[in-house]
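Got your viewer open? Here is a walk through the structure, one selection at a time.

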Amino acid sequence: MTGLSKEILIPRSEISRRVQELADQISRECAGEEILAIGVLKGAFIFMSDLVRAMAVPCQTDFIRAASYGAGSESSGNVVITKDLELAVEGRNILIVEDIVDTGLTLQHIVDHIKRRNPKSIKVCAFLDKRKRRKVPFEADYVGFSMDDGFVVGYGLDFNEQYRFLPDVYVIRTDVD
Ligand code: PRP
């Protein structure tokens, strides 16, 4: 029989320590500026809420959602915006907040989409970075944790819409009896 099991990869204590470090770095580098934080739904909703509360700079928030259509669970490159921003971007300091960068296709598309609206600046903060899986050369400005391959859930990340609510990050394993 084949089943799934999960094992803690990043405990909540480590997550909150790292989120505070990221927030401190962003606050230092953006001191005196106002930020528009843009969360990429759905996965970023928990990271975004922790990050903006830990930052010491004034911040407005908005959300965007993208879908990538194609075979399998991997991004196909055909990325479509399915929920657009509600606030204006022009002339503003944008901080895109994402749960994970994998192939890089989603963020590349979202960054291009936002750049066309003439922001003053644009930075990307990703909670997790699976750098080895890139299909396009995308670099986030701030990264929580870099990881190798492995399917992770919790802290906003899902498996078939399950496990987003878990406070720790787990890696899912397929067990064969
Ligand atoms: C995940 C994740 C990123 C994207 C990363 O979103 O949240 O947005 O995939 O993959 P990429 O770098 O290969 O493009 P998903 O489509 O699973 O939606 P979700 O956030 O609603 O879970």
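**Start at the partly exposed ring**

Keep in mind as you click around that this is a predicted model. Select Phe151 first: with 38% relative accessibility, Phe151 is partly exposed, because the buried class stops under 20% and the exposed class begins over 50%. Now add Phe159, which at 24% relative accessibility is partly exposed as well. Show both side chains and look at the rings: Phe151 and Phe159 make an edge-to-face aromatic pair, with 5.6 Å between centres and 80° between the planes.

**On to a buried pair**

How many aromatic pairs are there in the model? The count is 5. Another one to pick out is Phe127 with Phe145, again edge-to-face, at 5.7 Å centre to centre and 80° between the planes. Colour by secondary structure and you'll see that this pair bridges distant parts of the chain: Phe127 belongs to strand S6 and Phe145 to strand S7 (residues 142-146), 18 residues apart.

Are these two rings buried or exposed? Phe127 is buried, at a relative accessible area of 1%. Phe145 has 14%, so it counts as buried too, the limit being under 20%. Extend the selection to Phe47 and Tyr155, and you have one aromatic cluster made of Phe47, Phe127, Phe145 and Tyr155.

While you have rings on display, jump to Tyr170. Lys6 sits over the face of that ring, 4.6 Å from its centre.

**The ligand**

Now select the ligand and show what surrounds it. The shell holds 16 residues, and the closest are Glu98, Asp99, Thr103, Gly104 and Thr106. Which element gives the most to this shell? That would be S5, with 4 residues. S5 and H3 each provide at least two residues of the shell.

Next, put some distances on the screen:

- Thr103: a polar side-chain atom lies 2.5 Å from a ligand oxygen.
- Thr106: an N or O atom of the side chain is 2.5 Å from an oxygen atom of the ligand.
- Arg164: a polar side-chain atom is found 3.1 Å from a ligand oxygen.

Switch on a surface here if you like. On its own the ligand would expose 500 Å², and the protein buries 80% of that.

**Helix H3 and what covers it**

Thr106 is a good handle for the next stop: select helix H3, residues 105-115. Its buried residues are Leu105, Leu107, Ile110, Val111, His113 and Ile114. What covers them? The cover includes S2, strand S3 (59-69), strand S4 (78-83), strand S5 (93-101) and strand S6 (121-129).

Zoom in on His113, which is found in H3. At 12% relative accessibility His113 is buried, since that is under 20%. Leaving out neighbours within four places in sequence, its contacts are Ile64, Ile81 and Asp84.

**Strand S2 and its busy isoleucine**

From H3, move to one of the strands covering it: S2, residues 35-41, where you'll find Ile35. At 2% relative accessibility, Ile35 is buried. Show its surroundings and you can tick off the contacts beyond four places in sequence: Ile26, Cys30, Met55, Val57, Pro58, Cys59, Gln60, Asn93 and Leu95. To get a sense of scale, draw a line from the C-alpha of Ile35 to that of Thr103: the two are 27 Å apart in space and 68 residues apart along the chain.

**Last stop: backbone oddities**

Finish with the backbone. Most residues other than glycine have a negative phi, and most peptide bonds are trans. So where are the exceptions worth a click?

Try the peptide bond from Leu41 to Lys42, which is cis, with omega near -5°. Lys42 is in the loop between S2 and helix H2 (45-54).

Then go to the loop between strand S8 (151-153) and strand S9 (169-176), and select Asn160. Though not a glycine, Asn160 has a positive phi of about 50°. Its relative accessible area is 62%, so Asn160 is exposed. Glu161, in the loop between S8 and S9, has a positive phi of about 70° and is not a glycine either. Glu161 is partly exposed, at 45% relative accessibility.

Definitions and conventions:
Residues are numbered from 1 along each chain as its sequence is written. Side-chain values use heavy atoms; hydrogens and water are left out. Buried means under 20% relative accessible area, exposed over 50%, partly exposed in between (1.4 Å probe, protein chains only). Contact means heavy atoms within 4.5 Å. Rings of Phe, Tyr and Trp (its six-membered ring) pair if their centres lie within 6.5 Å; planes under 30 degrees apart count as stacked, over 60 as edge-to-face and the rest as tilted. A charge sits over a ring if NZ of Lys or CZ of Arg is within 6 Å of the ring centre and within 35 degrees of the ring normal. A residue is near a molecule or strand if one of its heavy atoms lies within 4 Å of it. A polar contact is a pair of N or O atoms within 3.5 Å; within protein, one must be able to donate a hydrogen and the other to accept it, and residues adjacent in sequence count only if both atoms are side-chain atoms. Accessible areas come from the Shrake-Rupley method with a 1.4 Å probe; for residues, only the protein chains shown count as cover.
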